[in-house]
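Dear colleague,

I am passing on to you the structure we spoke about, together with a short account of what was found in it. Please look it over before reading the notes underneath.

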Amino acid sequence: MAHAIRRREYKHHTERHVAAGANLRDVMLGLNDGLVASFAVTSGVAGAFIEPRIVMMAGLAEMLGGAVSMGLAAFISARSQIEFYLSEVDRERYEIKRFPEQERSEIRGIYQQKGFSGPLLDQIVAHITGDPERWADVMMREELGFTEENFESPLKSAIVVGASYLIGAAVPVAPYLFITPALGIIVSAIITVIVLFAVGAAKTIITARSWWRSGVESMLTGIAAGTVTYLAGRMFGSPR
């Protein structure tokens with residue numbers, strides 16, 4: 001009884017861990033992309049025009065368009081993973097039914113590599129292959145490395161990525177609500193660089209990398225994008 005309870009608790013802990021990692025990954029992806037893309041767009045437009053409304057409209061268009069685009073991309077990506085998983089499950093079930101001896105040999109080979117042999121190996125193979133559903137599940141997990149618990153809800157992933165993108169994209173745009181583009185670009189750059197560093201450092205929660213190195217890399221990405229678009233705006237924009 002106690003063993004069964006511990007197994008349920010462990011499974012619950014593992015599922016929460018996987019879900020938390022996926023959510024955090026989606027949040028970081030949305031925030032980082034929103035910050036960089038919005039900063040690049042507003043910097044380029046601010047370099048080209050002195051009219052605050054133009055910069056604001058460009059920033060707003062980027063925020064909304066980018067959030068919708070990223071959200072839909074996340075939805076399609078998550079759904080495609082699930083569809084691929086289900087197609088592989090169907091393939092494994094077909095192969096088990098059509099080529100049972102070959103599939104049984106694969107199970108034996110997998111557990112031989114894990115160090116099992118003799119009667120114990122025979123017992124393991126017989127137990128797994130005694131249930132087609134269990135058999136297919138083991139093949140998916142051991143042969144392909146897939147488990148159903150690894151997949152995030154497509155709708156949830158889309159909402160998390162889209163909302164995170166919208167929040168990140170709002171950071172470079174916000175200063176232009178109160179300041180003219182000439183000064184707004186400076187304030188926007190300072191705020192965006194600081195937030196990019198924080199987001200990059202926060203990524204290390206799931207990557208286990210050096211927090212300062214990750215922060216600097218994220219920060220330099222934004223600086224490079226903003227600099228290039230600002231210079232392009234100054235070169236090809238309307239004369240001041």
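The notes below take up the aromatic rings and then a residue in a helix.

Please keep in mind throughout that this is a predicted model.

A search of the whole structure finds two aromatic pairs. One of them joins Y111 and F116, whose rings are tilted with respect to each other, with 6.1 Å from centre to centre and 55 degrees between the planes. Y111 is buried, at a relative accessible area of 11%, whereas F116 is partly exposed, at 29%. The ring of Y111 also has a charge over it, since the charged end of K114 sits there, 5.9 Å from the ring centre.

F197 and W211 form an aromatic pair as well, and this one is edge-to-face, with 6.1 Å centre to centre and an angle of 80 degrees between the planes. Because F197 belongs to helix α7 (residues 181-202) and W211 to helix α9 (residues 211-236), this pair ties together parts that are 14 residues apart in sequence. As for its surroundings, F197 is partly exposed, with a relative accessible area of 25%.

The residue in a helix is T42, which has its place in helix α1 (residues 2-48). Is T42 buried or exposed? Its relative accessible area is 0%, and as buried means under 20%, T42 counts as buried. Leaving aside residues up to four places away in sequence, T42 touches V55, G59, P172, V173 and Y176.

With best wishes

Note on methods: Residues numbered from 1 in each chain as written. Predicted model: local features only at pLDDT ≥ 70, side-chain atom pairs only at ≥ 80, totals over all residues. Heavy atoms only, no water. Helix = DSSP H or I, 4+ residues; strand = E, 2+ residues; numbered from the N terminus. Buried < 20%, exposed > 50% of the residue type's maximum accessible area, 1.4 Å probe, protein only. Contact = heavy atoms within 4.5 Å. Phe/Tyr/Trp six-rings, centres within 6.5 Å; stacked < 30°, edge-to-face > 60°. Lys NZ or Arg CZ within 6 Å of the ring centre and 35° of its normal.
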